[in-house]
Amino acid sequence: MAERSFKHEVKKLTAGEGETFTGEGILAVTKALLQSGVAYIGGYQGSPISHLMDVFADANDLLEELDVHFEASASEATAAAMLAASVNYPLRGAVAWKSVVGTNVASDALSNVASGGVTGGAMIIVGEDYGEGSSIMQERTHAFAMKSQMWLLDPRPNLTSIVNAVEQGFQLSEASNTPVMLEMRVRSCHMTGSFIAKDNIRPAFTVSDAAENPTRDLDRIVLPPANFLHEVEKIEKRWPAGLAYVRDNKLNEWFGPDTHPSEIGIIVQGGLYNNCNRAMELLGLADAFGTSDIPLYCLNVTYPLIPEEVKEFCADKKAVLVLEEGQPEFIEHELNTLIRRAELDCKIIGKDMMPRAGEYSAQVIRAGLGKFLRRFAPDIAPAQESSDPLPAPVAQEIPQRPAGFCTGCPERPIFTAMKLLEREIGPTHISADIGCHLFSILPPFNLGNTTMGYGLGSAGASAFKPTGKRAIAIMGDGGFWHNGLTSGISNAVFNKDDTVNLVIDNGYSAATGGQDIPSSRAKNANRVTNNPIEKAVRGVGGQWVRTLTRTYDIKAMRDTLREAMLTKTKGPKVIVAQSECMLNKQRREKPLMRKALKDGQRVERERFGVDSETCTGDHSCIRLSGCPSLSIKPNPDPLRQHPVAHVDNSCVGCGLCGEVSHAAVLCPSFYKAKLVSNPGRWEKLRARISGAVIRFIQQRDDRKRLARAF
Amino acid sequence: MPSSSTDRLSIAILALGGQGGGVLADWIQNVARGHGWVAQGTSVPGVAQRTGSTVYYVELARADAAGRAPIMAQMPMPGDVDIVVASELMETGRAVLRGFSSAGRTTLIGSTHRIYAISEKSAMADGRGNSEKIIAAAQERSKRFIGFDMEAATDRTSSVISAIMFGALAGSEALPFPRESFEQAIRDSGIAVQSNLTGFEEGFTRAQGIIALPEEAEHPAPEPTTEIGRQLYSTAAALLPQEALHNVAHGLARLVDYQDANYARLYLDRLRAIAEHDEPPYNLTSEAARHLALWMSYEDTIRVADLKTRASRMERVREEVKAQDGQLVSVTEFMHPRLQELGETLPAPIGRRLLSGGLLARLMAPFFKQGRHVRTTGLRWFLVLRATSALRGLRRRSVRYVEEQERIDAWLSVAADLASRDVEAALEWIKLQQLIKGYGDTFERGLRNYLAIRSEFLALPEQDQTAAWLHQAREQAFAQS
């Protein structure tokens, strides 16, 4: 069960010709795929593409109705390899993932499909996780498009343009026998808007048609001599066909007048067009509807560039500003080459005036454009901007909010246990992995030395061959199935690594929004789940394997970790630490609990609390937990000054705080309150009797205390 | 010359993961679309939502006469935002920090309650950011600042904070849409309509009010209620400076409660020795009254058992966990008494034998290895704790009492000595008591830190024994977790 359900929204996907579709960017892309008669879809979750995968999964019924095959792929490589279906058959297919990381994983298959070329339209939808809020290294997918020769679309960020790009992308792919990448920036994926829908199209040729009528063309397989032919074919046939399609169908756009008195112009990536217009509007050079004073050439196709169009645009200009986000500046380099070849005298101004790194927001573009105008068109240039930042004494009061584990997260106690073990045996090299568990590197745990990629935690520790202390490698269940089993565990067994491998099994691909994976405990009507990780580890030769079924048991966690660190057994030590993702668990259980309450059934709820009278405000408990519901509040004691710990009502009663105060011998302030709604008769009676005795004693004590009080 | 659109409205929402910022953004767009506006919302979810902060951005505009759609930006541009809605005080501050709120233009709607960041929570002492500075900046850097405690408003109405924010936005009248359209948007979404409308109403009303910080409890000096109390207070008033009496009264009340009137008299005697060297404004006596009372009421097993078994405590728990009438509440304490704590509580001769690690200790040890789940709402454990708290009468003979009084006297004698030549240094010395807190490992670490600072300080030549040195040493001890 995914974190967010699109069951309601996917109804919009049935919209027909002429209806106005209003919704999120990813939903619009899904609709555009159906309008394009796509025959198969695959992909791997990861922000900002997770929701696209969730939409596909929730639209399963509609996809089946249209004979569209959908797969939640095991990895991006799996998804990319699916495009093989378009090599020999006129099948349109689309796959999606988070880029640049997903493209890295997929690149083997991508190189193959790009080399052999495609018959049916093949589209790769990449969620470009670049800029604010990104969780990955800042690189460009553009490089992959260039090295494998796949066309890269970067449409203007409005739903109509994005939907058009999908439809035209398939045609471009078929016209040039080349896979096409559609770049969706983070904000465009989650952007709401409207477009006029068309009817969905059932694929004329389906995946089962293809399977029943196999065809074979040796020239499409990457093996000598075909691989050498492919390279020639790419240059001599597919490249010119691609250029012709982009040019003839005017995929790139021109705005503003043909010339400007100052002989300047702007070339902008399609995805940055809106920010560019806003910057120009605020400088008085454009209106809110895109009417520009300056000639503007908008690249909805950022690879390849169209030499004739570039020549035409730059011919009568002395300087052109290129707005190209990220680095290296591939487009700027190519433009310079094209200008030289065309023997034009036009300056291409890019990264010398725009920042080399970072997102090109409207603010950044305005500043760069201002610089450009001051040099090349001083008469319309804005004055130097002045800034008035918040004074440091105020600014430093505003704390950072690093991401952290959710309330009640079952992964937190694992790191608490590691922290406690660290007190005994000192620091250890910890190879971290991708997933929620990577938050361990942040406060309050500060655990983890490196992370090398998804499912690569164990592999990242393989060079550490200890004589004394063992390295610990962490991996999530998502990473384990993505490739960790083979490249991590199997490799460690094969190479006799002596590392401790911790596989965190919370039942979902949790960090990406709770999608099911092979070891999920959920019953999924469309997938096979419940494949235990331990079985897989033993299957590749793992000998020392322990499965812990309750991560909140700090002592068991710590003791098992200690045993793994100290045991004489050789080879990798694998601990599978299981407890369900609390976010998903709560979403499943809360409605059930509400219903039970409504029906008058007995319902128990547990939560924790801190006695502010005995809490001395040391906050050790917080440093060993970091739970969002474990916070602080002003000290109610008139003499004490430091804030006391406090558990707020968002507590889900996971029990970690109590376990920590026991295991770390902290303090007696934590209590667990069990609230019973609609209690049974016997239970009520017992509580009434003991309550009466306790109250009697308490009242007597209170009277005595008052008599001898201040 | 291009025409410019003056009727565009840009709205930035700063919220923490799980606070419903996305829901709020959707509501706003639905209101605007209902009035024929073009609305666009964008956000960057992902890991930022796992307890981090997220910016949602909404633009509202209208097509022009020719029917051309406006070009919408995808993130708030500093200096070009009309409305900011922030779900927490430091997020309000972040909006100002990032330049989203500008003087003369932006309507800034922000909650004044705090959700503490991990750096603030995990500090060993007090790591909280300064709220007043943020409020002042919010007022300076906005056209209008609407600030109130939205969490309290949420609790009052059993609603969600997004509904409060939506109500405050409507109540600010910064958007050109009538109240009914906002309420209709809530109804149209069809989820928790009634409680959302109640929250909306509360937010709407509070938006008209004055800027209000969350209420903080005040602690007036306690009035004596018994003859003993009045005697003690008049002794204190005669012996000690007026300025210190607030803390002294709290200290007396605490120590009478902790032990008895004689113990409170010992407190006054000890204070007088410090006050002799003090001078106006008598900060030293005042702070010594605080820290001496805290040290003298050190946390031992007797005290914990006493506090855990009081009637007032049970009421406080019910209130804190928001127990409703008819709900049974059972309370389990997580206690980890060690043999050491037991030994310290026992009368000195027996206690020392236990602590020295002989046969008795070895026999008892297994019973103190594990943490205990102590159910104080059940009779058995209640009576055990009640019996422990009754050991109060024997406290003066306990190992711990003897040790603590020795430490206190040593601490006070240095304070008195310092006060005779440098009152500021004496004040900083007194504040070292802050280091000694907690139980078990935490207590031992604090005590170690204190003793280390003490011996290093006393080894310094007299002219180097300064307030600044002590202050820095204390800060350093708190900084290393």
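## Exercises on a predicted two-chain model

P48(A) sits in the loop between β2 (40-43) and α2 (50-58) of chain A. Helices (H or I, at least four residues) and strands (E, at least two) are DSSP runs, numbered from the N terminus. This is a predicted model: local features need pLDDT of at least 70, side-chain atom pairs count only at pLDDT 80 or more, and totals for chains, interfaces and linings use all residues. Residues are numbered from 1 along each chain as its sequence is written, chains are lettered from A and ligands numbered from 1 in the order in which they are written, and side-chain values use heavy atoms, without hydrogens and water.

**Exercise 1. Describe the peptide bond that joins S47(A) and P48(A).**

Step 1. Take omega: about 5 degrees. The bond is cis.
Step 2. Take the bond from S99(A) to V100(A): this one is also cis, with omega near 20 degrees.
Step 3. Place V100(A): the loop between β4 (93-99) and α6 (101-116) of chain A.

**Exercise 2. Find the sign of phi in D67(A) and Y282(B), and place both residues.**

Step 1. D67(A) has phi near 60 degrees, a positive value in a residue other than glycine. Its loop runs between α3 (60-65) and β3 (69-72) of chain A.
Step 2. Y282(B) also has a positive phi, near 60 degrees. This residue lies between α11 (261-275) and α12 (283-296) of chain B, in the loop.
Step 3. Check accessibility. Buried means under 20% relative accessible area, exposed over 50%, partly exposed in between (1.4 Å probe, protein chains only). D67(A), at 38%, is partly exposed. Y282(B), at 21%, is partly exposed too.

**Exercise 3. State how many disulfides there are over all chains, and explain the case of C627(A).**

Step 1. Apply the rule: a disulfide is a pair of cysteine sulfur atoms within 2.5 Å. The count is zero over all chains.
Step 2. Test C436(A). The nearest cysteine sulfur, in C409(A), is 6.4 Å away. C436(A) is buried, at 11% relative accessible area.
Step 3. Test C627(A). The closest cysteine sulfur belongs to C654(A), at 6.1 Å, so it is too far for a bond. C627(A) is buried as well, at 8%.

**Exercise 4. Work out how α13(A) packs on α14(A).**

Step 1. Fix the helices: α13 spans residues 307-314 and α14 residues 330-341, both of chain A.
Step 2. Read the geometry. The angle is about 75 degrees, and the axes are 10 Å apart. Axes are lines fitted to C-alpha atoms, for helices over the stretch in contact, and angles run from 0 to 180 degrees between N-to-C directions.
Step 3. Classify. The helices are therefore roughly perpendicular, a class that covers 65 to 115 degrees.
Step 4. List the contacts (heavy atoms within 4.5 Å). P307(A), V310(A) and C314(A) meet L335(A), L338(A) and I339(A).

**Exercise 5. Give the strand order of the six-stranded open sheet in chain B.**

Step 1. The order is β2-β3-β1-β4-β5-β6, with mixed pairing. Two strands pair if DSSP finds at least two bridges between them.
Step 2. Find the edges: β2 (38-43) and β6 (144-148) each pair on one side only.
Step 3. Inspect one pair. β5(B), residues 107-111, runs parallel to β6(B), with five bridges. S111(B) stands opposite F148(B).
Step 4. Add the helix. α1(B), residues 21-34, lies across β1, β2, β3 and β4 of chain B, at about 5 degrees to β3(B).

Conventions: Parallel < 35°, antiparallel > 145°, perpendicular 65-115°, else oblique.
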